[in-house]
Structures are given as C-alpha cells and as structure tokens.
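Got the viewer open? Let's take a walk through this one, a stop at a time.

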Amino acid sequence: VDVADLAAAIERLAADLALAEEPSGFTVVLESDPDAREQRG
Amino acid sequence: VADWTIATLGRAIARREVSPLEVTRECLERIARLDAKIRSFITVDAEGALATARELEAELAAGLSRGPLHGVPLAYKDLCHILGLPSSCGTATREYFSAEHECTAVSRLREAGTVTLGKLNMTELALGPFGDNAHHGDVQNPWCPGHVAGGSSSGSAAAVAAGFALGALGSDTGGSIRLPAACCGVVGLKPTYGRVSRAGVMPLSWSLDHLGPLTRTVADAALLLGIIAGHDPRDATSSRRGVPYYERLLDTPVEGLRVGLPENYFFDGLAAEMDAGVRAAARVLEGLGAEIVSLRLPDPRPVVDVSNVIARAESAAVHARIARERPHELQPAVRARLEIGFHITAHDYLQALRLRSRYTRAFVAEVFAETDALLAPVIPEPAPALDAVKAGTVEEVVARMGRFSRLTRPFNGLGLPALSVPCGFSPGGRPLALQVVGRPFDEATVLRLGHAYERATDWVARRPPLL
C-alpha cells in the first residue's frame with residue numbers, strides 16, 4: 001500500500017458519491033439498520 | 001487453572017469449592033514458571049492481584065457475591081489504561097501513554113469482581129498482525145513455539161491459550177483480536193463498532209478501533225461482553241442501545257438460521273487445511289439445522305482501501321509525537337506504516353469516511369436481507385513461523401502483514417460484529433479458525449452460532465502440548 005495507490009482508489013470510488021453523504025456518526029449508521037429478518041417475516 | 005473456564009470457575013468460587021486467592025496464586029505461579037517461554041506479559045501485578053483476591057475472598061466470607069465473575073483472574077492488553085500500572089503500548093517507552101481515567105471496560109470488569117493479573121504484550125503501537133515485538137520479546141504461540149501468536153493482541157491470546165489468565169481484553173483495528181485468537185486457538189470477539197466503550201484505551205484509529213474479549217470458550221466471551229458492553233459518556237461513539245443477556249441466548253437452537261458462505265474473496269488463495277477446516281465447520285452447523293447459503297458478497301476490496309486511508313491518517317495523527325521524537329526506537333515496519341499517514345490529504349480522508357458509511361449501508365442491506373450471519377476464515381494459513389514473517393525488506397514485511405489480515409479488515413471498515421472460533425488443527429498441530437459475522441449489534445446471533453459449533457465439536461478441550 002502506498003499513498004498514490006490509496007489516493008487513486010479514493011478518487012475512483014468517490015466518483016459517484018452523493019453530495020449529501022456526510023462522514024459523521026458511523027455508530028448512527030449502524031444503529032439505523034432496519035432488521036431485514038423482520039422484513040422477511 | 002488451565003482446565004477452568006470463566007463460567008466454571010465462577011460457579012466453583014460461588015460454591016466455595018475454590019477461593020479467589022487460590023486461583024490467583026495458581027495463575028501467578030503458572031505465569032512465573034512458564035511465561036519466560038511465551039512472553040505474553042509486559043507487567044505482572046502480583047501484589048495488586050493478591051490484594052484484590054484477598055478482598056474478594058473476604059466479601060465471599062461475609063456472604064457478598066458480585067456475580068459470575070467474582071474472583072476470576074483476567075489480564076489486559078498493554079494499551080488499556082489501568083490506574084497504578086504503566087502502559088507502554090508495546091513500545092520501548094512509557095512516557096507517551098497516560099490517561100486521566102481508567103479504561104471503562106476494565107473498571108466495569110473490576111466492579112464485577114475480577115482480579116487483574118497484569119498488562120499483556122502486544123505489537124508495537126498495535127500496528128501489525130504477527131505479535132513480534134523487539135522491545136518486549138516476540139510473543140510465542142503456545143501451540144507451536146517459533147510461530148506467530150498473531151497480533152496485535154498477541155499477549156492476550158497467548159496468555160489465555162497458555163492458561164495464565166481465564167480471559168483477556170484486546171483491541172481490534174484491522175483484526176487484532178481475531179487474528180491472535182485464530183493463531184492461538186482461543187475465542188476472540190470484535191463487537192459492533194459502538195457496542196463497547198473505547199474510553200481509556202490508547203487509540204490507533206478511533207474510527208476503526210474496537211475493544212473486545214479473548215477467552216477459552218464462546219460462553220465466556222458472552223459473559224465478558226455482557227459486562228463491558230453499553231453506553232459510556234466518556235466515549236461519544238458508544239451506542240445507547242440496550243445490552244441483551246447474551247449468555248441466556250446462547251443455547252437457543254440455530255435451526256432455521258440462514259448462514260452465508262461467501263463465494264468470492266474470502267476463500268481465494270487459502271491454505272488447503274484452512275479451506276477444509278472452515279467448510280467442515282459449515283457442515284457441522286448445517287447438521288445442527290442451520291441453512292448454509294452460498295452467496296456472492298459485494299466486493300470487500302473497496303472497503304479495505306477506504307479503511308486503509310482512514311487507519312493510516314488517524315494513526316499518524318494519534319502517534320505524531322512519538323513518530324517525530326523517537327523514530328529510531330520504532331520497529332522499521334511499524335515506522336513505515338505510520339509514515340504513510342503523514343502524506344494522506346484531508347480530502348482523501350474525508351472522502352474515505354463518506355464512502356465508509358455508504359458501503360456499510362449497502363453491504364448490510366444486501367447481505368443481511370438474505371442471511372442472518374456469514375461464515376469465513378479468519379487467517380489465510382495456520383500461524384506462520386516468526387522467522388519467515390520477519391524476513392526480507394520492510395516493503396516485503398508490510399505487504400505480508402496486509403495479506404495476513406485481508407480476511408478480517410473488511411469487518412472493521414463495516415463495523416460489524418465478528419467472532420473467531422477454533423475449528424480444528426493443521427496436520428502440524430497449528431490451530432484453524434472460523435469467523436462468524438453478524439448484522440450490526442447482533443452479537444447474540446454470532447455468539448449463538450459460535451457456541452453451537454463449539455458444543456458440537458471437541459476442539460475446546462485440547463490444550464497446548466508444551467504446557
């Protein structure tokens with residue numbers, strides 16, 4: 001892993017990132033997961 | 001001591017069949033007799049442990065019990081701050097690592113009646129998966145000395161495998177609980193990000209760090225998790241979600257659970273015995289009534305790239321002072337991995353954080369719509385020889401580190417709960433391991449599957465031959 005490779009990966013991956021995607025509150029991302037088992041019934 | 005588990009010892013102490021002082025003395029005697037070979041401890045606090053054991057014994061004599069952990073001796077990775085004991089974080093110095101408050105998880109375990117035996121060896125700054133340490137000695141694998149114990153919580157896994165402590169805490173930023181657990185044939189749980197407070201633990205990468213237990217059995221991991229999980233005002237990322245009674249859910253049958261076996265990435269390039277061991281474990285769970293589903297996962301490599309950017313940038317920020325002031329003291333591979341972070345731009349770091357949330361939502365929605373848990377290997381091969389992993393140039397060593405942790409790192413980026421459970425031995429006697437991964441905050445299902453597998457096999461009864 002080197003810096004140039006990491007930067008290139010981020011540039012490629014972020015090409016279609018939504019403007020509204022905010023980096024804060026990763027715990028909230030996990031907490032907000034709806035339980036798919038309930039959806040499956 | 002080597003034959004007790006936390007659960008069985010706790011019950012024996014409660015019945016007054018054995019006393020906290022007797023068990024603590026036996027652990028200390030065992031450490032004194034054998035740890036020169038294993039190098040699992042950095043600090044042994046014999047005086048403090050015996051004093052605590054006496055207090056706990058007096059409480060029992062007065063009819064007071066603090067619960068199932070009353071009198072159980074534990075030990076902690078040397079990055080958990082414990083009042084009165086030094087922290088080196090695996091470096092040559094103690095100067096940089098102090099804290100105003102004790103590690104919350106340690107405090108909770110102390111309140112639950114445990115005895116602290118001391119602080120455990122680890123990879124320098126928790127930056128490496130092999131457990132080699134130039135300052136405190138390479139931690140030896142109790143099953144096969146001369147081979148890696150795994151890292152970075154190397155001492156935590158080795159001490160439990162060797163029967164020095166009934167359980168331990170480790171930290172996991174890219175696999176540092178699960179990798180040593182897998183190498184040393186013990187159980188290791190990385191909980192969901194936010195499930196266990198990280199307060200009082202030296203950070204490596206605060207977005208990816210997780211604290212969790214290493215134990216001999218899954219039931220013991222459930223017991224410890226039940227104590228250390230839950231919101232902590234000292235850690236802003238800790239969740240306010242309620243904590244289930246994990247140990248009471250362990251025996252719920254696994255019949256009907258849908259368990260995914262990945263078709264891509266996780267079985268690529270595995271050693272044959274590891275591949276066979278994990279697939280055999282899946283068949284055991286199938287025999288218990290779980291439905292094994294073969295599925296293609298979203299490619300984990302972007303998550304690993306994103307995690308690498310976050311981990312390097314944050315670890316360089318955390319350890320800027322020691323990297324600038326004492327670079328000559330750091331092991332070359334550790335210094336090289338730290339150095340990368342100084343050159344990552346703010347733009348790339350922020351994009352990585354944004355990408356992480358998006359990938360996590362997509363992965364969870366896609367994978368757990370079809371399954372209740374995933375099975376995967378933890379390590380690509382049984383514990384390799386220490387000489388082999390340290391050989392070559394710094395670039396070769398760093399590349400080797402990346403390959404060895406490629407199966408655990410995706411779940412740090414995704415923040416999902418992941419359990420390492422022993423699932424056999426290679427023909428040469430080195431442990432094999434199974435990784436069980438669940439949806440966010442569903443440690444109960446992960447532990448339930450691990451417990452069912454463990455009960456259906458006899459791996460947990462085996463002991464390292466040299467001990």
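**A guided tour of chain B**

Start with one facing pair: select Gly188(B) and, opposite it in S6(B), Leu214(B). Keep in mind along the way that this is a predicted model.

Now widen the selection to the two strands around that pair. Strand S5 covers residues 187-190 of chain B and strand S6 covers residues 210-215; they pair in the antiparallel sense over two bridges. Strands of a sheet pair through backbone hydrogen bonds, either parallel or antiparallel.

Next, bring up the whole sheet. In what order do the eleven strands of this open sheet in chain B run? Reading across, you get S1-S3-S2-S4-S6-S5-S10-S11-S9-S7-S8, and the pairing is mixed. Colour S1 (41-44) and S8 (291-295) of chain B: these stand at the edges, and each has a single partner strand, so one side of each is left without a neighbour in the sheet. Neighbouring strands of this sheet are turned by 30 degrees against each other on average, ignoring direction.

Time for the helices. Select residues 20-38 of chain B, which is helix H2. H2(B) packs on the sheet and touches S1, S2 (73-77) and S3 (115-120) of chain B. Look along S3(B) and you'll find the direction of H2(B) at about 20 degrees to it.

Then jump to residues 218-228 of chain B, helix H7. This helix lies across S2, S4 (167-172), S5, S6 and S10 (418-425) of chain B, and runs at about 145 degrees to S6(B).

Now go back towards the start of the chain and pick helix H1, residues 6-14 of chain B. Which residues of H1(B) are buried? Show side chains for Ile6(B), Ala7(B), Leu9(B), Gly10(B), Ala12(B) and Ile13(B). Their cover includes both helices you just visited, H2 and H7 of chain B, along with H3 (46-61), S2, S4 and S6. Just after H1(B), click on Arg16(B): its phi is positive, at about 65 degrees.

Finally, zoom out to all of chain B. There are 17 helices and eleven strands in its secondary structure. The C-alpha trace spans about 60 × 55 × 45 Å along its principal axes. A compact globule of 467 residues would have a radius of gyration near 23 Å, and the 20 Å of chain B agrees with that. Buried residues account for 66% of the chain. Switch on the surface for the last view: chain B exposes about 15700 Å², with carbon and sulfur atoms supplying 52% of it.

Notes: Residues are numbered from 1 along each chain as its sequence is written. Chains are lettered from A and ligands numbered from 1 in the order in which they are written. This is a predicted model: local features need pLDDT of at least 70, side-chain atom pairs count only at pLDDT 80 or more; totals for chains, interfaces and linings use all residues. Side-chain values use heavy atoms; hydrogens and water are left out. Two strands pair if DSSP finds at least two bridges between them. Helices (H or I, at least four residues) and strands (E, at least two) are DSSP runs, numbered from the N terminus. Axes are lines fitted to C-alpha atoms, for helices over the stretch in contact, and angles run from 0 to 180 degrees between N-to-C directions. Contact means heavy atoms within 4.5 Å. The radius of gyration is taken over C-alpha atoms; the globule rule is 2.2 Å times the number of residues to the power 0.38. Buried means under 20% relative accessible area, exposed over 50%, partly exposed in between (1.4 Å probe, protein chains only). Accessible areas come from the Shrake-Rupley method with a 1.4 Å probe; for residues, only the protein chains shown count as cover.
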